[in-house]
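Please open the model in your viewer and keep the sequence panel beside it, since each stop below begins with something to select.

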Amino acid sequence: MQAWNKISRMPAPAIKKLQEELLGKMLTEELMVRHPYYKALFNEKGINPAEIKSIDDLNKIPFTEKADIVPREDDLLHTKKFVLEPPAEGEGKEKKKGFSLFGKKETGPDPGDYTFHTLYFSAGRTAKPVPIEYTHYDLDNLKEAGMRAFEIMEITRDDTLINAFTYAPNAHFWQTFYSTIGIGSTALQTGGGKVLGLEKILKALDSMEAPALVISPGYGRFALLTLDHFGFSAGNLEKIVLGIDFTPIAVVDRIKALMKELGAKDDQVRRIYFNSEAKSGWAECAPGFGYHTNPDHILVEIVDPVTGEVLSEGEPGEIVITHLDTRGTVLLRFKTGDIATGGMTTEPCPNCKRTVPRILGDIERKEHIYELKGKEGIVSFNGNHLRRVMFAREDVLLWYAELNRTDSEDTLKVIVKGVSGTDEEALLPALKDALVGEFNLALTVEGSSLDAVANKIGLEKNITEQNFFDNRMN
Ligand SMILES: [Zn+2]
């Protein structure tokens with residue numbers, strides 16, 4: 001990755017040119033030489049990577065999907081095919097490449113850049129987790145991406161920070177960890193509810209007088225709603241950073257309101273969009289201004305999720321990523337399964353003036369868009385919207401949804417635990433009315449106990465809570 005103060009102010013055409021140079025280098029000097037999967041794919045499809053000169057030529061390369069990468073029963077090492085093989089001894093040292101970025105002397109690849117360091121896995125809510133291999137080169141990039149995200153969110157070394165992301169081998173926790181090391185701030189790496197538990201996290205927030213809390217949206221919301229119960233104060237809290245799971249703007253507003261109600265010093269909410277396969281998370285400078293990507297690390301395309309057609313700026317579509325400067329696992333045109341409802345823009349950010357490409361709108365997961373069998377045919381149900389509605393409500397503490405199948409139709413059941421002090425007898429019918437109005441589906445709403453719901457969604461058990469259970473295949 002390059003100098004951030006330069007990249008973040010570069011005009012869009014210069015960013016595009018830089019990305020094309022990096023892409024060319026990645027294709028011809030890395031993938032064609034030492035990437036088992038793509039080397040074979042290029043051969044099989046008759047693709048000459050040297051002919052891919054511009055980003056517009058990228059569509060000559062097929063997409064890579066999660067199903068292409070996941071370990072196979074007959075080949076548990078299949079994902080290894082996506083990892084760059086280390087260069088041969090002395091490789092490239094004699095060759096004159098004539099291609100060097102920023103006058104860097106071409107001395108051939110450094111074998112140390114390719115040495116396996118660790119695996120981070122995708123969060124794997126419903127799909128199989130994908131192991132993504134990091135080398136020390138990637139770890140440096142993860143730290144750089146994290147420090148950039150902190151700068152974008154205006155988190156400085158003076159901000160004591162509580163990292164409540166779940167401790168696990170994933171990019172969310174470790175990017176945050178390395179960012180705090182990188183900027184040299186005071187930070188408590190709690191490991192999240194799974195490791196430290198909510199009471200201790202909230203106690204730390206209070207007693208360390210921490211202004212910044214990094215947490216997933218569902219757990220963060222739950223934490224704020226139970227703070228009073230534990231008798232702690234949020235009086236020093238200024239900023240909550242939400243990540244791991246996606247946070248719709250409506251939920252940002254809800255969290256801001258909760259911070260105000262609790263007497264927090266300020267009500268700033270910032271969002272990070274983590275994509276495990278992108279080996280980093282991208283931050284927003286302020287809610288609604290979009291996720292500021294790192295164009296010297298990852299190339300982002302927005303495509304039609306069905307046809308794969310590359311879409312114009314601002315059109316909603318699926319986020320597709322290409323690694324431009326990574327080692328270990330390298331992916332080309334990887335379909336993330338995430339939809340950007342506002343597409344992407346290369347216009348400078350109206351808020352912070354940074355010029356890097358931004359991903360706009362709410363992020364929605366394709367896997368939460370369901371086709372349900374209705375009495376009059378197939379109906380589409382966007383679970384992302386249910387998630388948004390439920391998390392934005394003032395009266396809901398925890399919830400989950402089940403999709404069930406009867407002979408005649410598929411039904412949606414929402415199971416809910418109200419906020420302490422809520423009249424459950426009033427909550428259930430009111431919630432049902434609201435959901436029927438929004439979703440036009442056969443649905444029921446049921447109340448349940450805190451323990452039962454918490455247990456079902458894996459609160460303090462999973463990396464992040466699971467809110468959808470599709471029972472139709474069982
Ligand atoms: Zn901005």
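Angles between axes of 65 to 115 degrees count as roughly perpendicular, and those under 35 degrees as roughly parallel. Bear in mind throughout that this is a predicted model.

**First stop: helices H7 and H8.** Select residues 198–207, which are helix H7, together with residues 217–230, which are helix H8; their axes come within 10 Å and cross at roughly 85°. The two helices are therefore roughly perpendicular to each other. To see where they touch, show the side chains of Leu198, Glu199, Ile201 and Leu202 on H7, and of Ala223, Thr226, Leu227 and Phe230 on H8, which make the contact. By class, the contact of H7 with H8 has six nonpolar residues, one polar and one charged.

**Second stop: the open sheet.** Now colour the nine strands that form an open sheet with mixed pairing, following them in the order E4-E3-E5-E6-E7-E8-E9-E14-E13. Strand E4 (187–189) and strand E13 (344–345) stand at the edges with a single partner strand each, so one side of each is left without a neighbour in the sheet. Within the sheet, select residues 291–292 (strand E9) and 358–359 (strand E14), which pair in the antiparallel sense over two bridges; here Tyr291 stands opposite Ile359 of E14.

**Third stop: helix H9 on the sheet.** Add residues 249–261, helix H9, and you will find that this helix lies across strand E6 (239–242) and strand E7 (268–275), running at about 140° to E7.

**Fourth stop: H9 against H10.** Keep H9 selected and add helix H10, residues 383–392: the axes of these two helices come within 8 Å and cross at roughly 10°. H9 and H10 are therefore roughly parallel to each other. On the H9 side the contact is made by Ala250, Val251 and Arg254, and on the H10 side by Arg388, Phe391 and Ala392. These contact residues divide into four nonpolar, no polar and two charged.

**Last stop: the whole protein.** Clear the selection and zoom out to view the protein with its 12 helices and 21 strands. Taken along the principal axes, the C-alpha atoms fill a box of roughly 75 × 55 × 45 Å. How does the radius of gyration of the protein stand against that of a compact globule with 474 residues? The globule would have a value near 23 Å, and the protein has 23 Å, which agrees. Buried residues make up 42% of the 474 residues, and among contacts with a separation of 6 or more, residues 24 or more positions apart account for 68%.

Definitions and conventions: Residues numbered from 1 in each chain as written. Predicted model: local features only at pLDDT ≥ 70, side-chain atom pairs only at ≥ 80, totals over all residues. Pairing = 2+ DSSP bridges. Helix = DSSP H or I, 4+ residues; strand = E, 2+ residues; numbered from the N terminus. Contact = placed C-beta atoms within 7 Å. Axes fitted to C-alpha atoms, helices over the stretch in contact; angles between N-to-C directions. Parallel < 35°, antiparallel > 145°, perpendicular 65-115°, else oblique. Nonpolar A, V, L, I, M, F, W, Y, C, P; charged D, E, K, R; others polar. Rg over C-alpha atoms; globule rule 2.2 N^0.38 Å. Buried ≥ 20, exposed ≤ 12 C-beta atoms within 10 Å, placed from the backbone.
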